[in-house]
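Biologist: Could you take one strand of this model and walk me through it closely, neighbours and all?

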Amino acid sequence: MQAKVFVTRIIPDAGLEPVRAACAADVWDDRLPAPYDTLIERVRGVDGILCSITERIDANLIEAAGPQLKVISQMAVGYDNIDVAAAQARGIAVGHTPGVLTEATADLTLALLLAAARRIPESVEYIRKGEWRTWEPQTLLGHDLAGKTLGIVGLGRIGKAVAKRAAGFELRLIAHGPRLTDAEAAAVGAVRVDLPTLLREADFVSLHTPLTPETRHLINPTTLAQMKPTAILVNTTRGPVVDQTALYDALTNGVISGAALDVTDPEPLPADDPLLTLPNVVIVPHIGSATVGTRNQMARIAADNLIAGVNDQPLPHAVPAQI
Ligand code: DGY
């Protein structure tokens, strides 16, 4: 008999087809994610769940699924929406999709950095509003990149890929991470510094640390005050790494100069959020991995993890043990 699985979103065929071929798949086919209570109903009795960052997979849901649940396969590299310890304590394997979205996310980081530094959204708006009457010597002036300093918080896969790209823009690189070594930083042309030094010296601060209890609100009133008044903050990791109220205050009071966010807290960001009223903020809707090729690869890996898990095989990309 085929394993029963629940797929929480309509994922690319590259992943959905192998899942349908190998399992009895129930697929949530609404454009919006299932409400939590519906999710609980749909996972009851399944052997595997293929989910994404939009689902809260907590201990209660894992319990409700039942003792036959073998695998939770997340179509994302981050898994802060899953209670991994609760799953692993019940012997349930948890998978994710590392590696394949590194380049796409690093590309978007540079795109956001450039958009904020060179005021691209404001410039587009300027034309749309009919304000472009002539070339103006002092209008829409942004920040140079060459010779400036980029501070990378979290020099993992994505942080390193950002460093490689930033070197091409002639940025000086400094980096911080709790376990980062001098040699690891030097391998991508960066100098390892502590967080206060990074915040003090960087013209651009780019966040690449996962969301954990330690990194929640890492960027807060105190750390924002350590940054240069000309600094631009870029966040492509998880919204709650930044205290968004503090960010709004910092941007309106000239504590820092701008921000570029792929991730917010909450997501989706309500259309009336005060951050959206600020000209010095660029916000895009969590599109770091949103390329056709990357999403296909993520879906394929999530399918491979799911199929391995329901067949009692080791997952090709398992989340490290947390218990
Ligand atoms: C991830 O993979 O964690 C991204 O945030 C979504 O692709």
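Modeller: Sure, let's begin at one end of β6: Val153 has Leu207 in β9 as its bridge partner. This is a predicted model, where local features need pLDDT of at least 70, side-chain atom pairs count only at pLDDT 80 or more, and totals for chains, interfaces and linings use all residues. Residues are numbered from 1 along each chain as its sequence is written, and side-chain values use heavy atoms, leaving out hydrogens and water.

That Val153 link belongs to a wider pairing (at least two DSSP bridges between two strands): β6 and β9, residues 204-207, run parallel over 4 bridges. β6 itself covers residues 149-153; strands here are DSSP E runs of at least two residues, helices H or I runs of at least four, each numbered from the N terminus. β7, residues 172-176, is also parallel to β6, with 5 bridges joining them. Within that pairing, Thr149 is matched with Arg172 of β7. To get from β6 to β7, the chain goes through helix α7, residues 157-168, in a right-handed β-α-β crossover (clockwise from first strand over helix to second, with the strands pointing away from the viewer).

What about cover? In β6, 5 of 5 residues are buried (under 20% relative accessible area with a 1.4 Å probe, protein chains only; exposed is over 50%, partly exposed in between). Both faces share in this: Thr149, Gly151 and Val153 are buried on one side, and Leu150 and Ile152 are buried on the other. So Thr149 and Val153, the residues we met as partners of Arg172 and Leu207, sit on one face of β6 together with Gly151.
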